[in-house]
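Please look through the following protein chain and its three-dimensional model. The text below then leads you through some of its parts.

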Amino acid sequence: MDQDLNQFVQAILIASDPLQSSLHQQALEYLSAIQQNPTTWRLALAVFVEAGPNGGRKHPPQVRFFALRVLDDFLDNRFEPLDDDTFQTLQQSLLNYIQSEYLFGPAESAAPFLRNKFAHTLTLFFLCTYIDKWPTFFTDFFALIHPPESTSSTTFNPHISLLLFHLILEISGEVADQVIKAARQFSPARHARDGRVRDAVRERDAARINEAVLTIVADGVERMGRLRKSGTASASERELDSAIEVVDWGIRTFASYVGWIDINLTVTRDTVPLLFTLLSDPSLPIRLATAVALTRIIAKGLKEPADKLQLIKVLSLGQVLGALEERTRAEQRSRGSDTDEGEESYREALGKLLNVLGLELCKLTDDCPDQSVRPEAAQLLNQILPVMLRFLADEYDDTCSTVFPLLQTILLSYKRQRKSSTEPLEPSKRSFLSSLLTVILEKLKWDEEADPEDMDEDDKAAFEDLRKELRTFMDSILIIDPDLVTDAVRTLALNTLTAYQNGVALKWNDAELAVYLVFIFGEINKSGGKGRAAFCQAPAVDREKRKETDYSEYPLTSHGEMLYALVQSGISTYPHKTVDMQFFETVARYGDFFKVRKECIMPTLQAMLDVRGLRSPESSIRSRVFYLFYRFIRENRNEISPALAVSLLEGFRDLLVIQVELPELESTESQDILREAVTAPSTFDSQLYLFEAAGTLVSLLHKTPEQATALLLSVVRPLLDELSAGLQTVKGPDDVLAILRVHHVIMALGNIAKGFPEYPNPVPEGYVAPHLDVFREVGQAILVCLEAMNVFRVVRDATRFAFARILASTGSAVAQLIPALMANLLAHFEPTELIDFMNFIGLSIHKLQEDMLDVLDQLIGPLSAHINGILAQPVTGTDDQVTQVDTKRAYLGLLISIISSKLHTVFISDRNKGQLEGLLESMLRLAEDPSDPSSERAVFSFLGRCVAVWAEPSKAPGGQQVFPGFERFVYERVVPTAFAVLSLPQFNIKDGQIVLVLQEIANFLQTVSKTRGQEAFDFLVNVFLPSQNWPQPTAVEFATKMRELDPKAFRKYFTDFVRASRAGS
């Protein structure tokens, strides 16, 4: 035994020291193996309790800690009784250890962490033995608290007392703490055992436990009082600290079991005064523990509502909390700017206690069936509402948020009452809501000492989250009493803005709040109109006449007044960045206001153009205002005159200088610096909005083409020169900055084109095309760069983006560049580019129509072969699977775009008709794969469109259909496939995605019926459906429904038909 014990100890020491590398792994393996031995607990027990020659413990703390872990493993999850020998060995050893170490020894003072660990191990032993083996567990334990050597100064042994407290805390945690239970895997045997232990403790020992705990606490309280009066000698201070520790842990222990033992034991004439005394104790830990105890008492479930009401009345917590809130608030004010986190945590605990009290009263008020309880509970609830508002108004957000659940419940109750009654709101409730709204508006303000532009992101996010929470309360009040909220918000915002306009000095957070209220008023004022009607009380005007209508003669709505005051007050000049940014966010959000008060446009643009906005010395502000400026221009472009457009463009022309930034790489070996540079957030991303705004402003000069062309050239010429210079500079892949510059310039040129309106299709009469020569020159320059630099993916990506924008703005003007563009984009190709490339082709088809025919004729064959090769490759991981599915869907989307356009003949052209059969076969394979319903649905959509354009009989005498004989393929292959899919075992009709596939199959079959007419009817009734063993009447009914019902009705019929068929099979 001694040899095994020594080996066990040495292994633990080596395993706990990673520096012993040669033996470390060996020791770990030995310990892992020995823990599987069912008798190892004897070694562990001996190691933990063995005494040394000097009377202390023989083995080091880390060894004894591991020994307790072994004992835990032995005892935990043990639901059968221990044999007598094992039980007696453990019981005697542990009792002897407690007596020698806690009763007469130092209570592990050299290694305090062992105390908590031992309490847990003892708890596991208790759970295994209390019911059958050791029913006198607590009686035996209580005997140790009164040592024979007790002196007149110390009645109870503090070490044993604390061990008892930790033990009861552990027991409560194991058998009653729902958080702990939820955190571990559910075990029916453990759940049943814990329930039996809980019931046994209630029956046998609950009263004794409670009496012992409260007696020790009362003794500690008496000692604290005596020692506090006696002075500050070091011995007295140590004794006082010991007494405080005992009382603190005693109250925590009390709090741990009040929820699961009889309330009549825990709430008595003795305990209530004791708890209220300790709730105001000088010791912060004791106060916090007492607040938790009272919270759990209040939250304890009682069967009868009347009993809960009586409990609340006995405690009279409302009055106590009101007095404590008032006292702690006064102390808080007296501290001024000095923060005492401990005292703030006490206010937070009081807030939580009030919150639980209020929630319990709400249950009695709203849910209690006993009508005699409700009025009294409502009266008690009304009494604590002012206290709740004071906690809500606390400057510390953690304290403020403690009453959020109560406030939410109260407002929900008010909303229900409002919904069920047409009577006006009671004056007392309206008064409460008014006071609540005042507090909320105050809490919406930033702390005056804070600097949102230079503060920790977590702190900033926390305040923004608080604002969102407060906004939800405002929304609730809005539902109950809309006028109360809108009037309060409007009044506060207008008064603040007017005061600033009149020269009154404002604090920055008051100014910011006023602007913020204007910002959120559009969400608050749910009854407001849309568009211009939200800001101006004008009659409805037809869309075509809105541009000519002078809205300035119509009065403003409340929101319109607030926005007008916002601009006219000059609040944008307030010398604080947060106020400026909130102003810019607000004006950019409500672009329609400036269509009814055009005189407000110039002051707003002036603010955006100077050091407050686009020219701010801080890059983060500049970057955000770049976007907001673009958004404002886009929203109000029709209100900007050509002369103003030119002036505005000149005002920020110097900012249209490309900024290239290189990111810092974590690993130069695994990261592509070019890819990282274009994907990492940068100033250039925001700068692109300026280029788009520039394009928008140039487009406003469309009535003077020559001036517009000159202005556009003045913007793009420097970029084209920079593009040419960059092209000359790039010699190879190491010229990263030059390559990035080319990428950025191409992107900028694309964004300028994006600022122009979409090219109309069809083109209306009198349409003035936008500067086609300039965009052709831009497209040609980009193409030259692509030809020279198509090995770089970032250049290919930028080119696709730019041409997509140019195509959208110019239509077919650059069609002659498309063949060379496609060739160069495909010269060097990565599989991940394929989806973007197909999307680009789809856009080109939409914009160029017949001009894409030759390009598409050359492209569709190789592209289809390439994609089918990718789809045939085995999937080796999640990324591959996602890429394959996305590629498949993009490909099907492209095929549908082609077959739906005038370009569908590319599939049957001389170049591609030989590959059509392979394409259709691949479509049928995808149609039979229910694992990807989205693609399956797209396939049947594609095949239905094929039928509509290729199988339509010629209407001209002697003529032939577009694709002669295609109907035979439809009858022989596609229709059988459609029905075969319906009978696949994986075709789960309960899956919503599968139902959509089912409906697309219905569309396909109906398209066949309507396209081929009687021929399709005869084929189904006389050939196909009989071959599938359909009864003749059923086949006739089905084909008739398909021919006669409208598409929506047939989809429903078909879905119900398949469901019934599957259910009966």
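What follows is a walk through helix packing, single residues, loops, aromatic rings and cysteines.

The model is predicted. Two packed helices are described by the angle between their axes and the distance between the axes. For helix 3 (residues 40–49) and helix 4 (residues 61–75), the axes come within 8 Å and cross at roughly 145 degrees. The crossing of helix 3 with helix 4 is left-handed. On the side of helix 3, the contact is made by T40, W41, A44, L45, V47 and F48. Helix 4 contributes V63, R64, A67, L68, V70, L71 and F74. Sorted by type, the residues of this contact are eleven nonpolar, one polar and one charged.

Close to this topic in the sequence is I34, which is found in helix 2 (residues 21–34). Is I34 buried or exposed? I34 counts as buried because its relative accessibility is 13%, and buried means under 20%. Leaving aside neighbours within four places in sequence, I34 is in contact with F8, T40 and L43. One of these, T40, also takes part in the contact of helix 3 with helix 4. V70 of helix 4 is another residue of that contact; the C-alpha atoms of I34 and V70 are separated by 9.9 Å, with their positions 36 residues apart along the chain.

K133 gives a second example, this time from a loop. The loop lies between helix 6 (113–129) and helix 7 (137–145). With a relative accessible area of 24%, K133 is partly exposed. If residues within four places in sequence are set aside, K133 is in contact with P81, L82, D83, D84 and F87. By contrast with these contacts, the C-alpha atoms of K133 and R911 are separated by 91 Å, and the two residues are 778 residues apart along the chain.

Two further residues sit in helices. T799 is found in helix 36 (residues 793–810). T799 counts as buried because its relative accessibility is 0%. Apart from its neighbours within four places in sequence, T799 is in contact with I746, I782, L786 and L821. V855 has its place in helix 39 (residues 853–872). V855 is buried too, with a relative accessible area of 7%. Not counting residues up to four places away in sequence, V855 touches I818, P819 and M822. V855 and D672 are 183 residues apart along the chain, and their C-alpha atoms are separated by 33 Å.

The next topic is the backbone angle phi. Most residues other than glycine have a negative phi, and most peptide bonds are trans. S316 is not a glycine, yet its phi is positive, at about 50 degrees. S316 lies in the loop between helix 16 (305–315) and helix 17 (317–335). At a relative accessible area of 32%, S316 is partly exposed. N1029 is also not a glycine and has a positive phi of about 65 degrees. Where is N1029 found? N1029 is in the loop between helix 45 (1014–1027) and helix 46. N1029 counts as exposed because its relative accessibility is 69%, and exposed means over 50%.

Helix 46 leads on to the aromatic rings. How many aromatic pairs does a search of the whole structure find? The search finds 57 aromatic pairs. In one of them, F1038 and F1057 have ring centres 5.6 Å apart and ring planes at 45 degrees, so the pair is tilted. This pair links distant parts of the chain: F1038 is in helix 46 (residues 1032–1044) and F1057 is in helix 47 (residues 1047–1064), 19 residues apart. F1038 is buried, at 0% relative accessibility. Ring pairs also link F1038 and F1057 into a cluster, together with Y971, F979, F1019, F1024, W1030, F1050, Y1053 and F1054.

Last come the cysteines. A search of the whole structure finds zero disulfides. C368 is in no disulfide, and its nearest cysteine sulfur, that of C362, is 13 Å away. C368 is buried, with a relative accessible area of 2%. Why does C536 have no bond to the closest cysteine sulfur, in C600? The sulfur of C536 is 12 Å from that of C600, which is too far for a bond, because a disulfide needs sulfur atoms within 2.5 Å. C536 is also buried, with a relative accessible area of 2%.

Terms used. Residues are numbered from 1 along each chain as its sequence is written. This is a predicted model: local features need pLDDT of at least 70, side-chain atom pairs count only at pLDDT 80 or more; totals for chains, interfaces and linings use all residues. Side-chain values use heavy atoms; hydrogens and water are left out. Axes are lines fitted to C-alpha atoms, for helices over the stretch in contact, and angles run from 0 to 180 degrees between N-to-C directions. Helices (H or I, at least four residues) and strands (E, at least two) are DSSP runs, numbered from the N terminus. A crossing is left-handed if the near helix is turned anticlockwise from the far one by less than a right angle, and right-handed if clockwise. Contact means heavy atoms within 4.5 Å. Ala, Val, Leu, Ile, Met, Phe, Trp, Tyr, Cys and Pro count as nonpolar, Asp, Glu, Lys and Arg as charged, and the others, Gly among them, as polar. Buried means under 20% relative accessible area, exposed over 50%, partly exposed in between (1.4 Å probe, protein chains only). Rings of Phe, Tyr and Trp (its six-membered ring) pair if their centres lie within 6.5 Å; planes under 30 degrees apart count as stacked, over 60 as edge-to-face and the rest as tilted.
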